[in-house]
Amino acid sequence: MASRDGESDSDSSDDDLYSSSVGSDINIDDSLDSFSSDTDEDDDPNSQSSLETFSSQISDSEGPGFWSSELHPLSVAPFSEETGPSHDSTPNDNILSYFFLMVSEVFFERVSNETNRYAAQEFEKRGHRDADWIDTSPQEIKTYFGLHILMGTNQLPSVDMYWSQNKFLGNQGFKDTMSRSRFRRLTEYLHLNDNTTQGPVGSPEYDCLHKIRLLIEMTRRNFQRYMMPGQCQSIDEGMIRYKGHYFAKQYTPCKPIKRGMKVWMRCEPNGYTNDYKIYLGKHDEMQGQSLGERVVKHLSKPLKWKGHHLFFDRYFTSIP
């Protein structure tokens, strides 16, 4: 991460701490989220293949002899991959133990550091410090996110109402946990990534999802780490409800969630998400007539040659 001029040794050591600890859990790897124009040519079929005895059935669709009017018996490859949960939590464990499998503890440390970094950058721009601001901590960031989760359960017309003095409106738990002023300050400076690491607009290094890239890659990696995919996998689109202003927000009037962020997903029959990719609309590298085909190839790439069964609707279906 880019460092600030004049930062203290303690700040520098903190950055080194979380950057090293983040390495294995939420290291940002752009290659994980990029689509290849042809995902069939960059894999060695023998590297992870459980279908070696079925090589006659996996020939190139562009090669001679692939299409024929002669029908032959089809042999379905056996499926022998390990499946199911790959963690130590049990059904009797607290729900938080599952939450922290998907949202790692180091995430809150990273958000705490980036929020403090952004606040310092803003104070430098303004030429003075916010008198009401004090640096936050990972524990306080956890509390902040926890309040947001509770707001989704106990919904009120405005955020200020949770701290209302009216006993019929105010939430005593919110008041005891954090002041309204502090909640506002955290909302103002909350950051997940360093703005100075964003590439120039229009360049290949520019990332439209830079501000939340940390959360995207962390959850994608953890989704895959703690659940070995079953034999049957479904690829389809989903919607994340969102009413704010963002260029990639989609409107689908025929869907239960009409406005929000479209997400390509690969899921288990029970609904568990193994992998996903946020769609950026007309600015997405995947736009065009081959979109459905390339989505399927990308999301199923980790399953190649392992005997999984893929299910998807006609939107994604094509000969390639």
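**View 1. Residues 35–57, a low-confidence stretch of the predicted model.** In this predicted model, pLDDT stays under 50 over residues 35–57. The model has 39 contacts beyond four places in sequence for this stretch. Residues 1–24 also stay under 50 in pLDDT. For residues 1–24, the model has 34 contacts beyond four places in sequence. Where pLDDT is low, the predicted coordinates should not be read in detail. For the protein chain, the mean pLDDT is 83. Of its residues, 78% reach 70 or more.

**View 2. The protein chain as a whole.** The chain has eight helices and seven strands. It counts 320 residues, and 37% of them are buried. The accessible surface comes to about 19500 Å². Carbon and sulfur atoms hold 52% of that surface. Take the contacts in the chain with a separation of 6 or more: residues 24 or more positions apart account for 66% of them.

**View 3. Lys262 in strand E5.** Strand E5 spans residues 259–267 and includes Lys262. Lys262 has a relative accessible area of 12%, so this lysine counts as buried. Leaving aside residues up to four places away in sequence, Lys262 touches Glu237, Gly238 and Met239. Its contacts also include Gln250. Lys277, Ile278 and Tyr279 are on the list too.

**View 4. Trp264 and Tyr315, an aromatic pair.** The chain has 20 aromatic pairs. One of them joins Trp264 and Tyr315. This pair is stacked, with 6.2 Å centre to centre and 20° between the planes. Distant parts of the chain are linked here: Trp264 lies in strand E5, and Tyr315 lies in the segment after strand E7 (309–311). The two residues are 51 residues apart. Relative accessibility is 1% for Trp264, so this residue counts as buried. Tyr315 has 45% relative accessibility and therefore counts as partly exposed.

**View 5. Tyr315 and Phe316, an edge-to-face pair.** Tyr315 also forms an aromatic pair with Phe316. This pair is edge-to-face. The ring centres are 5.1 Å apart, and the planes meet at 85°. Phe316 is buried, because its relative accessibility is 3%. Tyr315, at 45%, is partly exposed.

**View 6. An aromatic cluster that includes Phe99 and Trp163.** Ring pairs link the members of this cluster. Among them are Phe99, Phe100, Phe107 and Phe108. Tyr144, Phe145, Tyr162 and Trp163 also belong to the cluster. So do Phe174 and Phe183.

**View 7. A nonpolar surface patch with residues from helix H2.** Ile95, Leu96, Phe99 and Ile149 form this nonpolar patch on the surface. Together they have about 410 Å² of accessible area. Helix H2 covers residues 95–102 and gives the most to the patch, with three residues. Leu96 is placed in helix H2. At 46% relative accessibility, Leu96 falls between the 20% and 50% cut-offs, so this leucine is partly exposed. Phe99 also appears in the aromatic cluster of View 6.

**View 8. Trp305, a residue with positive phi.** The phi angle of Trp305 is near 65°. That is a positive value in a residue other than glycine. Trp305 is found in the loop between helix H8 (291–300) and E7. Relative accessibility is 17% for Trp305. The cut-off for buried is under 20%, so Trp305 counts as buried.

Conventions: Residues are numbered from 1 along each chain as its sequence is written. This is a predicted model: local features need pLDDT of at least 70, side-chain atom pairs count only at pLDDT 80 or more; totals for chains, interfaces and linings use all residues. Side-chain values use heavy atoms; hydrogens and water are left out. pLDDT is the predictor's confidence in each residue, from 0 to 100. Contact means heavy atoms within 4.5 Å. Helices (H or I, at least four residues) and strands (E, at least two) are DSSP runs, numbered from the N terminus. Buried means under 20% relative accessible area, exposed over 50%, partly exposed in between (1.4 Å probe, protein chains only). Patches are made of residues with over 30% relative accessible area and no salt bridge: like charges are joined within 9 Å, nonpolar side chains (Val, Leu, Ile, Met, Phe, Trp, Tyr) within 5 Å. Accessible areas come from the Shrake-Rupley method with a 1.4 Å probe; for residues, only the protein chains shown count as cover. A salt bridge is a side-chain nitrogen of Lys or Arg within 4 Å of a carboxyl oxygen of Asp or Glu. Rings of Phe, Tyr and Trp (its six-membered ring) pair if their centres lie within 6.5 Å; planes under 30 degrees apart count as stacked, over 60 as edge-to-face and the rest as tilted.
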